[in-house]
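This report looks at one helix, the enclosed space beside it and the charged pairs that join distant parts of the chain. Please read it with the sequence and the model at hand.

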Amino acid sequence: MTSRKCFVLLILAALTSSVFAQASKPKPAEDKSAGAAKGAGQMAVPTGKPVLWRDPGAVEKLDLAGGAAGRAGAPKPPFTFVEESLSGTNPKVKITDANKVQWTMKFGSEVNAEVFASRLVWAVGYFVEPAFYVARGTVQGVNGASFKRVKKDMLDPATGHFTAARFERQKDKGVKKFEDAESWAYEDNPFLKTPEGNRQLNGLKVMMMLVSNWDNKDVRDAGRGSNTALFQYPNELRYLVTDWGGTMGKWGGVLSREKWDCKGFAGQTKDFVKDVRNGEVRFGYSGQHTGTFVKGITPADVKWLLGYLGRITDVQMYEALKASGAAPEDVTCFTTALRERIGQLKQVAQ
């Protein structure tokens, strides 16, 4: 073999080796962190002053029948069908109302609980998504849609007639919503860094336990749907719990927990507050995250929260429960149990 042919073969071998090396080289992992470059643009990054709570003012004068949006902000018919929503675990559809406001209608076991619990939480200063209970009505434009999860007795695809729906208003224009993998965790947030923020966070946890919200998923559970979210407004970044459906029933494990079950709710009330030990209030609560969730809450935290929670009247509770579709016996049952739980909080606050 001539030296020229040997030289050519060596070059070809080198080129082949280089191509093979490039093809077999693993690709770098995609940077999924906020702000990482993605295509020609950048992923959105939450900005603004973190806010978890705001002073609700004269709590005893708030309209708990209207809630966060007020009675004037309730959904107004006619309603027009947009699409079925497959997010979460409950049947839902998206619609618009007469004012072109977008709403998500939810059906099933969480409807009453979510409307009531979110009103109670809003009344003491925490941010919620406006929600209303609508007993019955008609959605236009369904046109025999083939639903995957919505049942006929919830929303009839032939007539558009529906019963017992929770209407939740979609975010306001100009507001960016960060949810699931972009949401926040109870164990990792800016409010843990200051005494004031930590007190507000502990107050939110007490409200979660007060209404027996066992579904306290957060960003750690993004794969199955976080129940926390960030709402970015022009000058602030609001931290929200966005799902209050797993409430007003029994806390506990998968086989024992319930929603909107006053018998179970009242039955666990005696174990709502256990005692105070080593400067911390101990609760009987059990949720999807229990360990650190119930830790670190002091009598001083409870006393601060009672400065707002303790001012809610029985009349306000009645109005909120009726606006949530509660039957008369449930209005009495839930009000009695909640008063007993608030009484337990008052004892440890002293």
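Helices, like strands, are taken here as DSSP runs, a helix needing at least four residues, and they are numbered from the N terminus. Just after helix H2, so delimited, Gly125 takes a positive phi of about 115 degrees. The model is a predicted one, and the values that follow are computed from it.

Helix H2 covers residues 111–123, and its 13 residues reach 19 Å from the first C-alpha to the last, close to the 18 Å expected at 1.5 Å a residue. Because 13 of the 13 residues of H2 are buried, the helix is largely enclosed by the rest of the structure.

H2 also takes part in bounding internal space. The structure holds three cavities of 30 Å³ or more, and the largest of them has a volume of about 50 Å³. To the lining of this largest cavity H2 gives the most, with three residues. The full lining consists of Gly66, Gly67, Ala68, Ala69, Ser118, Arg119, Trp122, Val128, Glu129, Pro130 and Ala131, which by class amounts to six nonpolar, three polar and two charged residues.

Charged pairs form the other theme. A search of the whole structure finds 22 salt bridges, and three of these are set out below.

| Salt bridge | Closest N to O | Relative accessible area |
|---|---|---|
| Glu60 and Arg311 | 3.1 Å | Glu60 37%, Arg311 31% |
| Asp243 and Lys106 | 3.9 Å | Asp243 16%, Lys106 3% |
| Glu187 and Arg220 | 3.3 Å | Glu187 44%, Arg220 39% |

Glu60 forms its salt bridge with Arg311. Glu60 lies in the loop between strands S3 and S4, and Arg311 in the loop between helices H5 and H6, so the pair ties together parts that are 251 residues apart in sequence.

For the salt bridge of Asp243 with Lys106, the former residue lies in the loop between strand S11 and helix H4 and the latter in strand S6, so parts 137 residues apart in sequence are tied together. Asp243 is buried, and Lys106 likewise counts as buried. Both belong to a network of salt bridges that links Lys106, Glu110, Glu114, Arg166, Glu168, Asp243 and Lys259.

The side chains of Glu187 and Arg220 also meet in a salt bridge. Glu187 lies in the loop between strand S9 and helix H3, and Arg220 in the loop between H3 and strand S10, so this pair ties together parts that are 33 residues apart in sequence. Glu187 is partly exposed, and Arg220 counts as partly exposed.

Terms used:
Residues numbered from 1 in each chain as written. Predicted model: local features only at pLDDT ≥ 70, side-chain atom pairs only at ≥ 80, totals over all residues. Heavy atoms only, no water. Helix = DSSP H or I, 4+ residues; strand = E, 2+ residues; numbered from the N terminus. Expected span 1.5 Å × (residues − 1). Buried < 20%, exposed > 50% of the residue type's maximum accessible area, 1.4 Å probe, protein only. 1 Å grid on protein atoms, 1.4 Å probe; cavity = no way out; pocket = protein on both sides within 12 Å on 5 of 7 lines; lining within 4 Å. Points joined across faces, edges and corners; volume = space filled by probe spheres on them. Nonpolar A, V, L, I, M, F, W, Y, C, P; charged D, E, K, R; others polar. Salt bridge = Lys/Arg side-chain N within 4 Å of Asp/Glu carboxyl O.
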